[in-house]
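Please open the structure in your viewer and keep the selection panel at hand. The stops below proceed from the whole chain to a single residue.

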Amino acid sequence: QVRLVESGGALVQAGGSLRLPCAASGRTFGTSTMAWFRQAPGKEREFVSTITSGGSPLYADSVKGRFTISRDNAKNTVYLQMIGLNVEDTAVYYCAAGRYYSRALKDYDYWGQGTQVTVSS
């Protein structure tokens, strides 16, 4: 079992930055692929970024160059650093853990409760 708790969501102005931590409990964090997804109002949950246990990242085209995913296996924490935020980034951001290096929701077994990011123009 892996329990995930996201934090760091806030209301920010366009062009601003945020860092979202996701703290994980459970012995399998170090071997799990960790990911961030987001869900905007009225839209389906979408892939944002993922990172392997060894630290290899993958990004959605919409965030490439603006978002950075990282992990600290000693602290059982994965981070999403976001810069250059725009209104289209407004969503609930979810942390997920899984076994596969994937963009697909179905490949992630554990999910956090989400943290709200709102970007104002």
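Begin with the protein chain in cartoon representation: it contains zero helices and eleven strands, where helices (H or I, at least four residues) and strands (E, at least two) are DSSP runs numbered from the N terminus. Followed along the sequence, the pattern reads β-β-β-β-β-β-β-β-β-β-β. The model is predicted, so local features require pLDDT of at least 70 and side-chain atom pairs count only at pLDDT 80 or more, whereas totals for chains, interfaces and linings use all residues. Residues are numbered from 1 along each chain as its sequence is written, and side-chain values use heavy atoms, with hydrogens and water left out.

**Whole chain**

Display the C-alpha trace next; along its principal axes, the trace spans about 40 × 25 × 25 Å. The radius of gyration is 13 Å, which agrees with the value near 14 Å for a compact globule of 121 residues; it is taken over C-alpha atoms, and the globule rule is 2.2 Å times the number of residues to the power 0.38.

Colour by accessibility: 45% of the 121 residues are buried, meaning under 20% relative accessible area with a 1.4 Å probe, protein chains only. For contacts (heavy atoms within 4.5 Å), 57% of those between residues at least 6 apart in sequence join residues at least 24 apart.

**The nonpolar core**

Select Trp36, Leu80, Met82 and Tyr93, which touch the most other members of the largest nonpolar core, a set of 33 residues. Such a core consists of buried Ala, Val, Leu, Ile, Met, Phe, Trp, Tyr and Cys residues joined through side-chain atoms within 4.5 Å. Strands that each supply at least two residues of this core include S3 (18-25), S4 (33-39), S8 (77-82) and S9 (91-98). The largest share, five residues, comes from S9.

Which residues does Leu80 touch, not counting those up to four places away in sequence? Leu80 touches Leu18, Arg19, Leu20, Trp36, Val48, Ser49, Phe67, Thr68, Ile69 and Tyr93.

**Gly114**

Move finally to the loop between strand S10 (108-111) and S11, where Gly114 lies. Is Gly114 buried or exposed? Gly114 counts as buried because its relative accessibility is 15%. Show its neighbours as sticks: not counting residues up to four places away in sequence, Gly114 touches Glu6, Val92, Tyr93 and Tyr94. To end, draw a C-alpha to C-alpha distance from Gly114 to Ser53; the two are 22 Å apart in space and 61 residues apart in sequence.

Note on methods. Buried < 20%, exposed > 50% of the residue type's maximum accessible area, 1.4 Å probe, protein only.
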